[in-house]
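Me: Can you walk me through how two parts of this chain meet? Here it is.

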Amino acid sequence: MHILYVGLTYKNTPVRLRERATFLNQDIQSANQQLFRTKSILENVIISTCNRTELYVVVDQLHTGKYYTKHFLADFFNLPVEELENYLTFKEDHEALVHAFRLGCGLDSAVLGETQILGQLKTSFLESQKSGTTGTIFNKLFNEMICFSKKMHSSYKFNETSASLSQSALQIANEEYHDLSDKHLFVIGAGQMSELVIKNLQNFDLKKISIFNRTLENAKKLSQFSQVEMNYYPLEELTEKLEQADLVISAISTPQTLITKTMLHEAELSKKILLFDLGLPRNINPHCQLVEHVTLYNVDSIGERINQGAKKRQELMIKVAKEVDVSVADFEEWEKQLGIIPVITELRIKTLEAEESALKSLQSKLPDLSEREVKIIRKHMKSIVNQSLRTPIREIKELSTEENAVYDIQLFKRIFGIELEKEN
């Protein structure tokens, strides 16, 4: 039994591919369940944000886990496996745990130490729980990660020296204009990211705000996060009002392109306008950058700007990284104490021996089998064994943490004829 991480992140994956491999909110539950039904997967959590698409999975075997998670992503997003392989990152067991704990603290974020990822991680875990795709290992791991990350943010307060993407967008606008007091901000969307934009406005002297959203009722709920009076408009009115904006922050989760080069030309812009696209898939067409008076920032360009001169954050992150090592060691110790891992390992060894014995017997009785035929038979034998063992392994893993764990493990070993060396 192993923990496997499979990811596409801002560090090595261009935005053009990340936007094609982003799980939309309405697809997360079905995606979790589809992944859970995939061969070799025992537990799974999917995390998908503007900067990353990550799968955390408990697998019975690493090589089959890698193969099937890779193909799950390719099939779900209708992408060629060959294209994905150039950017996918795999981390196994210890490395996967280190990455997970670093992620919650913001050590792996485009903006070091940012707090938004912690909320996204918690939401992803709860969605996976609702989908029924977590169990003993991930329920323990993700609860530990969330508690640890909260403690790090509270102890080191590195969130005070960093910024979320939304806050960074406002900081860039403040640098560009020097004074935001007379500027008009358009916010597209009324979800979590837009909420963060409105909350961060308290740090800037911005008095003219317009919210554009499909549902005005949802847009008006943002008023509770600001003392500044806001205007609310349906998304359809964005084009006709665009000329009034000085800065636009698109903070909405949709595959739809909301601002195009044509729209900007129709607006007949006569003054400088800053466009910030915080979404993936991108909601502002990249060609908008070519229009006169327009400056466009996406999640990657914002990340590059805000990480310049982050010396203090780097110093704090070094301290947090040491804390990560301790927490990972504690979790690995807990894993060892489960008592079931050596049993599952021994079960795997027994099945491999049985497969090999059966194949040799078959070859002796059918000596004319070609090399290709033997390969096909071997593949199907492995598939039958893996499918047969999946449920027993999952069940004993769960039972190993319950009150009668010792009895259940002994019964499991007796049923499958497992004897560990230390018992001989």
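Reply: Sure, one term before we start: a salt bridge is a side-chain nitrogen of Lys or Arg within 4 Å of a carboxyl oxygen of Asp or Glu. This is a predicted model, where local features need pLDDT of at least 70 and side-chain atom pairs count only at pLDDT 80 or more, while totals for chains, interfaces and linings use all residues. Residues are numbered from 1 along each chain as its sequence is written, and side-chain values use heavy atoms, with hydrogens and water left out.

Me: How many salt bridges cross the interface of domain 1 and domain 3?

Reply: Domain bounds come from an automatic or database domain assignment. Here domain 1 covers 2-161 and domain 3 covers 337-416. Across their interface, the number of salt bridges the rule finds is zero.

Me: How many residues of domain 3 are in contact with domain 1?

Reply: Contact means heavy atoms within 4.5 Å. Domain 1 brings 13 residues to the meeting, and on the side of domain 3 the number is ten.

Me: Which three residues supply 49% of the area that domain 1 buries against domain 3?

Reply: Buried area is the accessible area (1.4 Å probe) that two parts lose on being put together, summed over both. For this pair that comes to about 1000 Å², with 51% of it on carbon and sulfur atoms. On domain 1, the 49% share, more than any other three residues supply, comes from Lys-39, Leu-42 and Thr-136.

Me: Which element gives the most to the side of domain 1 that touches domain 3?

Reply: Helices (H or I, at least four residues) and strands (E, at least two) are DSSP runs, numbered from the N terminus. Helix H7 (136-156) and strand S2 (41-48) each supply at least two residues there. With three residues, the one giving the most is S2.
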